[in-house]
Amino acid sequence: MRIIAISNNKGGVGKTTSTVNIAASLSILNKKVLVIDIDHQAQATYHLGINPKDLQYSIFELLKGEITYNDLLIDRNGIYLLPAKPDLKDLDFLPFPAKEFLLRDAMEKINDFDYVLIDCPPSLGILTLNALTYAKEIFIPLQLQFLPFHGMYNLFEGVQMVKQRLNKSLEITGIIGTMYSSTKTINKEVLDETESRLPGKLFNTIIRENVSLQEAPSWGKTIFEYKSDSNGAVDYMNLTKEIIARYENQ
Ligand SMILES: Nc1ncnc2c1ncn2[C@@H]1O[C@H](COP(=O)(O)OP(=O)(O)OP(=O)(O)O)[C@@H](O)[C@H]1O
Ligand SMILES: [Mg+2]
């Protein structure tokens, strides 16, 4: 099972969009995929067309050990989901010891997926730490601008800390360039800078700016359900083929 946290402490860089549409691509390519929404904004849950208000439980109850994995799992047209609700933010106040390990413990017996993708919130708080303690890999969506590029170095420090104290086997295995526009010189500059400073980390497929990617969440649809011939669909499918190939060729 490849367990991948989609993480960046910077907000609005394309974490949720990437999680949902890579999951959709994997599912189209006949991979069995689970999305874990560990963001109290519940964006991946909404994006997959599920209103958190309609849910009795969320991953919060699973982490607390009040329900089982099977109580929570949703099969959403072949993409499996462990959904979030806003109450997840209360994990901060829960008087449990070693709270970083709650997700890993809850998922201990689960091994029947090809891919597990975890949509992280934009911080390095306890929710992200749960994701990074359980995951084996991190993909970092990088919005191709000056400040997000430099902000990524804070994340590297966080990952180093997690590796030392919580999860030795964690590796940053890919950086996803997002919201690329050929008319913006800065986008190209940041791409070149990323490639030269972090060789081999950037996926060749860059996700272009695409309005359909923005619209799809409001319909609760993946990009393939919303507009399968859009640049967004083409880019996420190409990226996913690369994700699969990079791993299988190792
Ligand atoms: N390639 C793209 N082209 C155009 N818009 C995009 C693209 N990718 C994402 N967006 C839009 O940018 C916004 C932020 O994307 P998204 O929600 O995926 O980021 P995020 O990193 O998950 O945010 P947060 O940190 O709040 O969780 C959303 O409105 C999304 O629809
Ligand atoms: Mg998000």
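The paragraphs below lead through a predicted model, starting at a metal site and moving on to helix packing and aromatic pairs.

The magnesium ion (ligand 2) offers a convenient point of entry, since its coordination in this model involves Thr 16 through OG1 and Gln 43 through OE1, at 2.0 to 2.1 Å. Thr 16 belongs to helix 1 (residues 15–28) and Gln 43 to helix 2 (residues 43–47), so the pair ties together parts of the chain that are 27 residues apart in sequence. The two residues can also be described by their accessibility: Thr 16 counts as buried because its relative accessibility is 11%, below the 20% cut-off, whereas Gln 43, with a relative accessible area of 32%, is partly exposed.

From Thr 16 one can follow helix 1 to its packing against helix 11 (residues 231–248), where the axes lie 9 Å apart and make an angle of about 70°. Angles of 65 to 115 degrees count as roughly perpendicular, and helix 1 is therefore roughly perpendicular to helix 11. On the side of helix 1 the contact is made by Thr 17, Ser 18, Asn 21, Ile 22, Ser 25, Leu 26 and Ile 28, which meet Tyr 236, Met 237, Leu 239, Thr 240, Ile 243 and Ile 244 in helix 11. Sorted by class, this contact consists of 8 nonpolar and 5 polar residues, with no charged residues.

A second helix pair is formed by helix 7 (residues 146–165) and helix 8 (residues 185–197), whose axes come within 9 Å and cross at roughly 25°. Because angles under 35 degrees count as roughly parallel, helix 7 is described as roughly parallel to helix 8. Here Phe 146, Phe 149, His 150 and Tyr 153 of helix 7 meet Ile 186, Val 190, Glu 193, Thr 194 and Arg 197 of helix 8. The contact of helix 7 with helix 8 comprises 5 nonpolar, 2 polar and 2 charged residues.

The aromatic residues add a further layer to this picture, with 4 aromatic pairs in the structure. One of them joins Phe 139 and Phe 203 in an edge-to-face arrangement, with 5.2 Å from centre to centre and 80° between the planes. Phe 139 lies in strand 6 (residues 137–143), while Phe 203 lies in the loop between helix 8 and helix 9 (211–215), so this pair ties together parts that are 64 residues apart in sequence. Both Phe 139 and Phe 203 are buried.

Another pair brings the reader back to helix 7, where the ring centres of Phe 149 and Tyr 153 are 6.0 Å apart and the planes stand at 75°, so that this pair, too, is edge-to-face. Phe 149 and Tyr 153 are 4 residues apart in helix 7, which is about one turn of the helix. Phe 149 is buried, with a relative accessible area of 2%, whereas Tyr 153 is partly exposed, at 27%. Ring pairs link these two residues with Phe 156 into a cluster. If neighbours within four places in sequence are left aside, Tyr 153 is in contact with Arg 197 and Leu 198; Tyr 153 thus appears both in the aromatic cluster and among the residues of helix 7 that meet helix 8.

Terms used: Residues numbered from 1 in each chain as written. Chains lettered and ligands numbered in written order. Predicted model: local features only at pLDDT ≥ 70, side-chain atom pairs only at ≥ 80, totals over all residues. Heavy atoms only, no water. Axes fitted to C-alpha atoms, helices over the stretch in contact; angles between N-to-C directions. Helix = DSSP H or I, 4+ residues; strand = E, 2+ residues; numbered from the N terminus. Parallel < 35°, antiparallel > 145°, perpendicular 65-115°, else oblique. Contact = heavy atoms within 4.5 Å. Nonpolar A, V, L, I, M, F, W, Y, C, P; charged D, E, K, R; others polar. Donors = N, O, S within 2.8 Å, 3.2 Å for Na, K, Ca; no water. Buried < 20%, exposed > 50% of the residue type's maximum accessible area, 1.4 Å probe, protein only. Phe/Tyr/Trp six-rings, centres within 6.5 Å; stacked < 30°, edge-to-face > 60°.
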